[in-house]
Amino acid sequence: MIDTPAKRYHNVSQLFLILGTIIAMLTSFILFYRGTTIEAYAQMLFIPIIAGAVYYGKKGGFIAAIGAGVVYILLLLFLVESQLAQVVTLTITLRIIFFCFMGIVGGLLFEKFKEQVMDLEEKVLVNEESGLYTARYFITVIQQEIDRATRYKSTFSIITFKFNLLKIGISKRAEKKLIKDLGEMFKQQTRIVDEIAYLSRGDFGVVLPEIDKKGAKIFLDRIKEKFIEIVKKKKKDFSESDLNIKMFTYQDNLSEIEKLISQYAEKIGVSHIKRPKEL
């Protein structure tokens with residue numbers, strides 16, 4: 001999947017869950033070692049509460065908290081042999097309240113965090129590494145061009161250039177320089193109205209408004225030569241056979257264009273791509 005704010009949120013969520021699990025297990029181990037068996041088990045019950053809050057928000061956190069409370073009550077019933085009823089009742093009440101507090105508040109915090117991340121996701125238009133547009137913006141432009149071409153009975157073309165960066169075998173620093181150079185080349189060789197994007201690792205795309213198949217082929221021949229020339233500076237034996245090029249023209253390839261939109265939408269993990277005017 002392409003690196004996006006949503007993917008980063010997913011990584012942060014997983015990290016938070018892992019850290020919460022480690023802390024709960026360590027605390028539980030310490031309490032168990034000190035002889036407070038019930039509280040040791042209670043600490044472990046925080047793990048499903050954290051998971052519920054992280055992945056399902058306040059509702060998930062609350063349901064997990066109720067479940068943890070039931071398990072805690074059962075633990076007290078089976079493990080507490082003799083203790084004053086009022087003390088047990090107070091312990092149960094306080095523990096369940098704390099479980100619910102953790103589940104609901106933790107869930108609310110992650111819901112708000114996710115809302116902010118998704119809002120940022122909608123507004124990320126430029127890929128920092130290449131200086132070109134992102135895959136998200138690229139497919140909003142394609143949708144916009146489909147609307148325009150349908151309305152005005154015109155056409156447009158799309159060309160994608162993809163190569164395997166792993167086969168190039170260069171350092172991360174050299175790879176960044178290569179992607180930057182390719183991005184600059186695309187900017188210099190395209191018109192102001194053309195839209196260029198860095199779609200994923202080693203994958204570039206260009207939308208050419210008002211350009212038919214013949215015009216797109218002329219553009220492709222020119223760009224392909226310069227593309228190969230730049231990559232050859234890093235890998236001398238790089239050739240046209242190492243470059244996967246696809247060209248689509250509206251309406252000749254409408255079904256393929258719609259498939260392309262779906263493929264990149266899936267890569268960035270969204271079901272609906274907003275058009276530029278919606279951002």
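Which side chain of opposite charge is nearest to E195, and how far away is it? Hold on to that question while we look around, and please keep in mind that this is a predicted model.

Let's start with the whole chain. The chain has 279 residues, and 44% of them are buried. Its secondary structure comes to 9 helices and 4 strands. If you walk along from the N terminus, the elements run α-α-α-α-α-β-α-α-β-β-α-β-α. Now think about contacts between residues with a separation of 6 or more: 72% of those in the chain link residues 24 or more positions apart. As for the outside, the accessible surface is about 16300 Å², and carbon and sulfur atoms account for 60% of that.

Now to the strands. In what order do the 4 strands sit in the sheet? They go 2-3-1-4, in an open sheet with antiparallel pairing. Strand 2, residues 195–200, and strand 4, residues 243–249, stand at the edges with a single partner strand each, so one side of each has no neighbour in the sheet. From one strand to the next, the twist averages 15 degrees.

Let's look at the pairs. Strand 1, which covers residues 156–163, is joined to strand 4 by 7 bridges, and the two run antiparallel. To find a spot in that pair on your screen, look for I158, which stands opposite F248 in strand 4. Strand 2 and strand 3 are also antiparallel, with 5 bridges between them. Here you can look for A197, whose bridge partner in strand 3 is G205. These two strands make a hairpin with 2 residues between them, and in the turn G202 has a positive phi of about 75 degrees.

There is a helix to add to this picture. Helix 7, residues 172–189, lies across strand 1, strand 2 and strand 3, and runs at about 10 degrees to strand 3.

So, is strand 2 enclosed or open? It is largely enclosed by the rest of the structure, because 6 of its 6 residues are buried. One residue of strand 2 is our E195.

Back to the opening question, then. The nearest side chain of opposite charge belongs to R191, and it is 10.0 Å away from E195. A salt bridge needs the charged atoms within 4 Å. E195 is buried and has no salt bridge. What does E195 touch instead, leaving out residues up to four places away in sequence? Its contacts are Y133, Y137, F138, V141, G205, V206 and V207. You have met G205 already, as the bridge partner of A197.

Let me finish with some backbone details. Most residues other than glycine have a negative phi, and most peptide bonds are trans. Keep that in mind for three places here.

The first is K153, in the loop between helix 5 and strand 1. K153 has a positive phi, near 55 degrees, and is not a glycine. At 73% relative accessibility, K153 counts as exposed.

Next is E210, in the loop between strand 3 and helix 8. E210 is not a glycine either, yet its phi is positive at about 65 degrees.

The last place is the peptide bond from Y250 to Q251, which is cis, with omega near 0 degrees. You will find Q251 in the loop between strand 4 and helix 9.

That's my tour, and I'm happy to go back to any part of it.

How values were computed
Residues numbered from 1 in each chain as written. Predicted model: local features only at pLDDT ≥ 70, side-chain atom pairs only at ≥ 80, totals over all residues. Heavy atoms only, no water. Pairing = 2+ DSSP bridges. Axes fitted to C-alpha atoms, helices over the stretch in contact; angles between N-to-C directions. Contact = heavy atoms within 4.5 Å. Buried < 20%, exposed > 50% of the residue type's maximum accessible area, 1.4 Å probe, protein only. Lys, Arg positive; Asp, Glu negative; His and termini not counted. Areas by Shrake-Rupley, 256 points an atom, 1.4 Å probe, with all protein chains shown as cover.
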